[in-house]
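Colleague: I'd like to learn how to read a two-chain model. Could you walk me through it, idea first and example second?

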Amino acid sequence: MLTLQCPYCGVQAEETELHAGGEAHLKRFGPGASDEDFEAYLFMRENPKGVHFERWRHVNGCGKWFHAARCTMTLEVFGTYSAQTSEPPQSIRAAISAKRPGWQWKDFA
Amino acid sequence: MKRYSAFAIAREAARYHSGWGRAWAAPQPKAKYDAIIVGAGGHGLATAYYLGKNFGITNVAVLEKGWLGGGNTGRNTTIIRSNYLQDASAAIYEKARSLYETMSQDLNYNVMFSPRGVIMLAQTHHEVRGYQRTAHANALQGVETQYIGPDKVKELVPIINIDGPRYPVLGGLWQPRGGTARHDAVAWGYARACSDMGMDIIQQCEVTGVRRDGDRVIGVDTTKGAIDCDKLGLVVAGHSGVLAEKAGFRLPIESLALQALVSEPIKPCMDVVVMANTVHGYMSQSDKGEMVIGGGTDGFNNYTQRGSFHHVEETVRALIETFPMISRLKMLRQWGGIVDMTGDRSPILSKTPVDGIFVNCGWGTGGFKAIPGSGWAMAELMAKGHSPLAAEFSLNRFAEGRFIDESVAAGVAH
Ligand SMILES: Cc1cc2nc3c(=O)[nH]c(=O)nc-3n(C[C@H](O)[C@H](O)[C@H](O)COP(=O)(O)OP(=O)(O)OC[C@H]3O[C@@H](n4cnc5c(N)ncnc54)[C@H](O)[C@@H]3O)c2cc1C
Ligand SMILES: [Zn+2]
């Protein structure tokens with residue numbers, strides 16, 4: 001069973017308290033964007049076997065959205081962080097680098 | 001290949017079963033093939049089979065990183081049906097279902113196709129309307145289904161509780177020629193037939209890279225060395241994203257865990273397949289007597305072939321309301337597979353941005369039923385560059401907004 005610490009209320013929440021919200025740090029495209037960008041935003045998804053960033057909601061707790069960095073191959077959690085950011089903070093990146101040297105996800109490394 | 005028959009059994013019985021040959025060969029890879037298929041699941045093997053059978057292309061290798069049929073093909077709950085809402089889906093799933101009818105004879109391999117009938121329960125008024133609509137659509141598509149009332153459901157499934165407190169059974173969509181088949185046998189039967197046509201099925205051979213010359217594919221790198229090819233079919237279900245990345249393009253796919261479980265064997269009590277999409281559970285009884293149970297996917301990206309316990313709990317909780325008698329059953333085994341989910345919950349059978357590479361993926365929670373139809377269409381696509389059955393399932397439907405939206409029509413579990 002997956003447990004994630006909610007960065008807002010600090011609770012170690014297990015999976016039934018949480019709702020998975022899909023890929024994190026999506027760049028949104030709207031009217032005026034190219035067809036390619038719009039398609040990629042709506043449908044193309046990062047689907048790595050390894051380090052992955054995603055959105056979660058503490059749905060049966062404080063109700064807030066947050067971010068998590070996780071490994072999809074081992075289910076190891078590298079850390080969670082606030083939703084009020086468009087990229088993973090340095091501390092999370094360092095935590096991943098310590099365990100998965102050379103990792104890359106989208107433009108982040 | 002020695003044909004299997006009643007006579008062969010008698011002959012072998014008379015000589016202590018010493019004369020059964022290998023069902024398929026275990027060759028080393030050649031330097032080059034006309035076509036390479038990555039993934040020896042049902043879809044990959046069926047693609048190879050119809051490349052040979054329908055198009056005479058037999059210089060083919062099927063590369064498998066583990067053992068053949070060890071992916072979702074050997075992990076699913078074997079429901080076969082074709083009662084889809086959209087025309088494109090009905091066409092390919094009905095093609096597949098009809099090929100299942102004669103598969104054992106065609107492959108000379110008993111795949112135990114059992115057209116025992118499938119009921120999808122309507123447990124909300126929304127579902128009643130939805131399934132009535134599907135029954136009408138199926139009539140126009142030439143797929144035999146019928147909308148039935150609760151009395152008929154009870155007659156077909158005596159162990160069902162039709163007036164449950166929360167979700168009473170209001171009716172159902174009944175497909176009398178839907179059913180189940182032996183999943184391993186489907187993979188084994190195709191593998192044996194492919195091997196017999198001279199194709200190489202190479203197990204324990206992982207594709208680690210895709211080699212290109214500009215926009216064209218020229219071969220693959222594998223754990224057994226580099227192999228050249230003119231055409232490459234990627235048929236790797238949950239690993240489609242990983243392979244696409246190696247080939248240099250992206251897919252609208254996410255990989256999630258889907259679980260299933262079986263109970264201890266009990267006496268025959270249910271001779272149809274029942275799906276309950278509102279409460280997310282379905283059940284059938286295997287020939288051994290086990291109740292085979294499945295539900296919806298887990299919620300997050302996952303490659304571990306393990307799911308979370310609370311999903312199993314949810315599925316079982318839902319089914320106990322509908323089938324009170326299973327509440328005392330002990331569960332024997334539980335397992336998971338990694339399913340490839342697309343945005344519209346329909347598969348992708350398509351050319352790709354790389355010349356010579358074709359993908360067959362996105363079957364998600366419901367591709368066992370499609371294996372022969374998918375292989376048929378994929379082989380045509382790879383041989384001729386176009387297939388009427390596959391046309392609607394091309395990759396560019398996402399850019400064009402041309403979705404084949406079965407997620408509403410079919411519920412989560414197909
Ligand atoms: C629990 C569960 C229940 C299901 N129930 C049903 C059901 O009742 N009815 C139904 O119709 N469908 C069902 N499905 C879905 C169905 O199992 C799949 O859609 C179908 O089996 C997919 O077949 P495939 O050949 O595409 O994939 P797979 O059988 O997964 O084959 C893909 C193969 O590719 C191999 N591979 C991956 N990467 C590489 C690589 N780099 N190099 C070489 N080989 C590689 C894998 O090892 C694997 O063997 C269920 C699935 C699950 C998990
Ligand atoms: Zn919280």
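Modeller: Let's start with polar contacts: a polar contact is a pair of N or O atoms within 3.5 Å; within protein, one must be able to donate a hydrogen and the other to accept it, and residues adjacent in sequence count only if both atoms are side-chain atoms. Across the interface of chain A and chain B, that rule finds 10 residue pairs, both at pLDDT 80 or more. Keep in mind that this is a predicted model, where local features need pLDDT of at least 70, side-chain atom pairs count only at pLDDT 80 or more, and totals for chains, interfaces and linings use all residues. Residues are numbered from 1 along each chain as its sequence is written, chains are lettered from A and ligands numbered from 1 in the order in which they are written, and side-chain values use heavy atoms, with hydrogens and water left out.

Colleague: Which elements of chain A give two or more residues to the side that touches chain B?

Modeller: Helices (H or I, at least four residues) and strands (E, at least two) are DSSP runs, numbered from the N terminus. In chain A, the elements are strand 3 (19-23), helix 1 (35-42) and strand 4 (51-57).

Colleague: And how do I read the size of the interface?

Modeller: The size of an interface is often given as the accessible area lost when the parts come together. Buried area is the loss on being put together, with a 1.4 Å probe, summed over both parts. Chain A and chain B bury about 2000 Å² between them, with 57% of it on carbon and sulfur atoms. If you prefer contacts (heavy atoms within 4.5 Å), 22 residues of chain A touch 23 residues of chain B.

Colleague: How many salt bridges are there between chain A and chain B?

Modeller: Side chains of opposite charge can pair when their charged atoms come close. The rule for a salt bridge is a side-chain nitrogen of Lys or Arg within 4 Å of a carboxyl oxygen of Asp or Glu. Between chain A and chain B the count is one, and the partners are A:Glu46 and B:Arg250, at 2.9 Å from N to O. Over all chains, the structure holds 25 salt bridges.

Colleague: What about a salt bridge inside one chain?

Modeller: Take A:Lys106 and A:Glu23, whose side chains meet at 2.8 Å, N to O. That pair links distant parts of the chain, 83 residues apart: A:Lys106 is in the segment after helix 2 (90-99) of chain A, and A:Glu23 is in strand 3 of chain A.

Colleague: Is A:Glu23 buried or exposed?

Modeller: Buried means under 20% relative accessible area, exposed over 50%, and partly exposed in between (1.4 Å probe, protein chains only). A:Glu23 counts as buried because its relative accessibility is 5%, whereas A:Lys106, at 26%, counts as partly exposed.

Colleague: Where would I look in chain B?

Modeller: Try B:Glu101 and B:Arg177, which form a salt bridge at 2.6 Å, N to O. B:Glu101 sits in helix 3 of chain B and B:Arg177 in the loop between strand 6 (171-175) and strand 7 (179-180), 76 residues apart. B:Glu101 is partly exposed, at 28%, and B:Arg177 is partly exposed too, at 36%.

Colleague: Can you show me a polar contact in chain B?

Modeller: The side chains of B:Asn277 and B:Tyr131 are joined by one of 3.0 Å. B:Asn277 lies in the loop between strand 13 (273-276) and strand 14 (281-285) of chain B, and with 8% relative accessibility it counts as buried.

Key
Buried area is the accessible area (1.4 Å probe) that two parts lose on being put together, summed over both.
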